[in-house]
Amino acid sequence: MNIICNQSLKAFNSFGFAVQAEHFVSIDTDDELIDALRIANDNDWPVFLLGGGSNLVLTQDIKGLVIHQTNTTTHYDKQSDGSTLVTVDAGKPWHELVLETLDNGLTGLENLSLIPGNTGAAPVQNIGAYGVELADRMHSVRCYHRPSQQWLTLLPDDCVFGYRDSVFKREPNQYVITQVVFQLRSDTPPVLSYKALARAMNVISDRNPKVASSNTNPIGTGPGEPVAQAKLISDTVIRIRQSKLPDPKQLGNAGSFFKNPVISKDHAEALKVSHPDIVSYPLGDGQLKLAAGWLIDELGFRGIEADGVGVHTEQALVLVNRGDGDGQALMALARAIIDRVDKEFGVKLEIEPIVV
């Protein structure tokens, strides 16, 4: 096992912040994981689990041992009910998995296309986009529970999923996810509940504003057509995301930096008096979700730059590293945005990435 001292993590986080790991190791098997954890324990090193680094803000060097999983194997097991269990190693890039399942005639992950990061990190954040969350498609997670030193298979209820949340996020570095299992089919009903996606697919228009339901199939119901539609949805999601979000390889970022806040209907109606154009989405139970990007944009933050970091010129929900910024400067900007939004709208924004 090759443990590297003072390893730069610049290439291992999508912001491209130049911090270092005191000790760093790449692992590919269960045995290597156990060996790495044993070495960390013998040396009293804290352990930091690093996935694709796409949902991470590194504000300082990392003490102890950083463990990075590189295993990328995928197994397909056909079930008697017509579904397929897809077992994915943690190091598999997420978008690569989405395209691979579509190529294998399986649907259900298409709305989650082009989300950066690795599959093992997806349950931590309960990634989601365009009306679908990982929790909707996941069958189980195989993980090593460090406190009990046991291998566990966790079902979705065990993961206590929430909006961009899970037990893995609330108890960081306690669970090492090594595999994620999905139960997929060739005929999963398409989810077109988001107007932006439905409009981009010409399912709705300004003259026909009714959003397609999750069971609507605008292509048809003939053989093979659910897969064709899923591929169309994936292509459309990719096009939308590329038009809104910068490529981390070109401009350091972690995608959406803030969660969309949820407020009461009364609070929303009060805000509409002073801000009639405010963007919100009904959730039921007297609550609405606000578009955090709109709130930030309304306050004039879009395009702002300071100390090598800034807010993306096309999407105010995305904070970026202009090339010479660092995590501390980014967090200073984030705090300024949070304070202004709270003062103006009475809304507390929550940061979506993990901050270290």
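This is a short dialogue on reading a predicted model of a protein.

Me: Let's start with the whole thing. How many helices and strands are there in the secondary structure of the protein?

Reply: The protein has 10 helices and 20 strands. Its radius of gyration is 21 Å, close to the 21 Å that the globule rule gives for 356 residues, so the protein is as compact as a globular protein of that length. If you'd rather think of a box, the C-alpha atoms fill one of roughly 65 × 55 × 35 Å along the principal axes.

Me: What percentage of the residues count as buried?

Reply: A residue is called buried when its relative accessible area is under 20%. Here 49% of the 356 residues make that cut. As for the outside, the accessible surface comes to about 16800 Å², and carbon and sulfur atoms own 46% of that.

Me: And what share of the contacts joins residues 24 or more positions apart?

Reply: Take the contacts with a separation of 6 or more: 60% of them are between residues 24 or more positions apart.

Me: How many positive and negative side chains are there?

Reply: Count 31 positive and 43 negative ones. You can also ask where each set is centred: the two centres lie 6 Å apart.

Me: Now a single helix. How far does H7 reach from its first C-alpha to its last?

Reply: For a helix, you compare its reach with the span expected at 1.5 Å a residue. H7 covers residues 225–244, which is 20 residues, and reaches 29 Å, close to the expected 28 Å.

Me: Which residues of H7 are buried, and what do they pack against?

Reply: The buried ones include Val-227, Ala-230, Ile-233, Val-237 and Ile-240, and Gln-229 and Arg-241 are on the list as well. The buried residues of H7 pack against helix H2 (94–103), strand E8 (128–129) and helix H6 (195–200).

Me: Backbone angles next. Which residue in the loop between E8 and strand E9 (132–133) should I look at?

Reply: Go to Tyr-130, which sits in that loop. Tyr-130 isn't a glycine, yet it has a positive phi of about 50°.

Me: Is Tyr-130 buried or exposed?

Reply: Tyr-130 is buried, because its relative accessible area is 12%, and the cut-off for buried is under 20%.

Me: Where does Val-160 lie?

Reply: Val-160 is in the loop between strand E11 (150–154) and helix H5 (167–170). Val-160 also has a positive phi of about 50° without being a glycine. With a relative accessibility of 45%, Val-160 counts as partly exposed.

How values were computed
Residues numbered from 1 in each chain as written. Predicted model: local features only at pLDDT ≥ 70, side-chain atom pairs only at ≥ 80, totals over all residues. Heavy atoms only, no water. Helix = DSSP H or I, 4+ residues; strand = E, 2+ residues; numbered from the N terminus. Expected span 1.5 Å × (residues − 1). Buried < 20%, exposed > 50% of the residue type's maximum accessible area, 1.4 Å probe, protein only. Contact = heavy atoms within 4.5 Å. Rg over C-alpha atoms; globule rule 2.2 N^0.38 Å. Areas by Shrake-Rupley, 256 points an atom, 1.4 Å probe, with all protein chains shown as cover. Lys, Arg positive; Asp, Glu negative; His and termini not counted. Charge placed at Lys NZ, Arg CZ, Asp CG, Glu CD.
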